[in-house]
Amino acid sequence: MSLRTQPAQLVLEDGTHYTGAGFGALGTTVGEAVFTTAMTGYQETLTDPSYHRQIVIHAFPHIGNTGVNSEDSESRRCWAAGVVVRDPSRITSNWRAEGDYEEHLKSIGLVGICDVDTRALTLHLRDKGAMRMGIFSGDDAQKPVDELLEIVRQALQMEGADLASEVTCDAPYTIPAQTEKRFSVVAYDLGVKKTTLEQLAQRGLEVTVVPANTTVEELTELSPDGVFFSNGPGDPSAMKQPIAVLQYVLKERIPFFGICFGNQLLGRALGFDTYKLTFGHRGSNQPVLDVASGRVEITTQNHGFAVDAPLGEPVTAPNSEYGRVQVSHIGMNDKVVEGLKCLDIPAFSVQFHPESAAGPHDSRTLFDTFVQLLADNAKEN
């Protein structure tokens, strides 16, 4: 029996219910329902640790035609909890493809569903907000909807979740500079992606990647020229130790660059609050205003939390010892804070993913900005 003929059910925690067909592995999976607007880059999406415990809904209807390969994965494994597509491609047609997308999902045990009206599902989430969801296929799909709904409602909430500790590396490792070494950087792996580390190394940075729970004492032993905080999953308010480390970095005026989760942690280190967005920002076509230049960049994003900081003129950080700070980037769709720049200490961050492996590459110059920050700091000291 073809897997595509296997029945499947999708159940949201508010009781909304869709029927479809099994796609990928058969079984049950639960997680936070999130939609991505990207037309491609699905392999990079599923292997992005930021999607840990999330079921990815592809708003673009036709997914899978470029297949999968051994080069485009962004981490050591798939982190997404499941996948929802409307029309899976029936063929693989790309010169870089090494395998079929659905066969790959089967091989890694990722449960999915297809033949679902993903446009209606996305509009529902845009109206009601992100919520828990379950996919049930094969024998599990035969159970009553009420029973499946109870399974969904027992799933863990994203608020208060420390997920970075579940996706971080087990031990430190070093990525050598790909050109002549200019500086050494410690990168906190909160869910870092391969391409991010490559972008740093391409600019002459030797990068020591460390686990999320690395202490101030362990950091100082490495004596880095700068510190980088990566993207990652979960609630930034749960990350007490990384925030304490970052406050030490800011106090010692060690140059700092953070992306995505790192942006939220910088906000909290400065004393701002963070909050959960209604449905988050995900996909590779998110417009962001660079306040300084007036330029609008198209960015790749995946975040469900944001920093609560005032737009406009610079303000003194709530933790006033760090001086003035300004919102440097603003989301064009909803005016969400998309970046922070400290004016009295060498630190900045952005909420989006400038490495953007599947594109677009509008914001990769931010890695050059970090290198310049390191160079300026070296001159001063």
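In this predicted model, Phe 261 touches residues from several parts of the chain. Leaving aside residues up to four places away in sequence, its contacts are Ala 164, Leu 190, Ser 230, Asn 231, Gly 232, Pro 233, Gly 234, Asp 235, Pro 236, Met 239 and Gln 351. Phe 261 is found in helix H9, which spans residues 261-270. The relative accessible area of Phe 261 is 1%. Buried means under 20%, so Phe 261 falls in that class.

A second phenylalanine, Phe 305, sits in strand S16 (residues 295-308). Phe 305 is also buried, at 6% relative accessibility. With residues up to four places away in sequence again excluded, Phe 305 touches Met 158, Glu 159, Gly 234, Asp 235, Pro 236, Gln 264, Tyr 275, Lys 276, Leu 277 and Gln 351. Gly 234, Asp 235, Pro 236 and Gln 351 thus appear in the contact lists of both Phe 261 and Phe 305.

Both phenylalanines carry an annotation. An unreviewed UniProt entry lists Ser 50, Gly 232, Gly 234, Phe 261, Gln 264, Asn 302, Gly 304 and Phe 305 under "binding site". These residues are spread over 256 residues of sequence, yet they cluster in space. The largest C-alpha distance among them is 13.2 Å. Of the listed residues, Asn 302 is included in the lining of the largest cavity. Two of the others, Gly 232 and Gly 234, are contacts of Phe 261. Gln 264, also in the entry, is a contact of Phe 305.

The largest pocket was examined next. Its volume is about 430 Å³. The pocket is lined by 23 residues, of which Ser 328, His 329, Lys 341, Phe 348 and Thr 369 are the closest to its centre. Strands S18 (324-331), S19 (337-342) and S20 (347-350) each supply at least two lining residues, as does helix H10 (365-380). H10 gives the most, with 6 residues. By class, the lining has 12 nonpolar, 7 polar and 4 charged residues.

Backbone geometry draws attention to two loop residues. Arg 53 has a positive phi of about 65 degrees, although it is not a glycine. Arg 53 lies in the loop between helix H1 (42-46) and strand S4 (54-58). Its relative accessible area is 25%, so Arg 53 is partly exposed. Ser 223, likewise not a glycine, has a positive phi near 45 degrees. Ser 223 is placed in the loop between helix H7 (216-222) and strand S13 (226-229). At 54% relative accessibility, Ser 223 counts as exposed, because the cut-off for that class is over 50%.

Definitions and conventions: Residues are numbered from 1 along each chain as its sequence is written. This is a predicted model: local features need pLDDT of at least 70, side-chain atom pairs count only at pLDDT 80 or more; totals for chains, interfaces and linings use all residues. Side-chain values use heavy atoms; hydrogens and water are left out. Helices (H or I, at least four residues) and strands (E, at least two) are DSSP runs, numbered from the N terminus. Buried means under 20% relative accessible area, exposed over 50%, partly exposed in between (1.4 Å probe, protein chains only). On a 1 Å grid over the protein atoms alone, a cavity is a set of points where a 1.4 Å probe fits but cannot get out, and a pocket is an open set with protein on both sides within 12 Å along at least five of seven lines; lining residues have an atom within 4 Å of a point. Grid points are joined across faces, edges and corners, and a volume is the space filled by probe spheres set on the points. Ala, Val, Leu, Ile, Met, Phe, Trp, Tyr, Cys and Pro count as nonpolar, Asp, Glu, Lys and Arg as charged, and the others, Gly among them, as polar. UniProt positions are given in the numbering used here, feature names are shortened, and annotations may be inferred rather than shown by experiment. Contact means heavy atoms within 4.5 Å.
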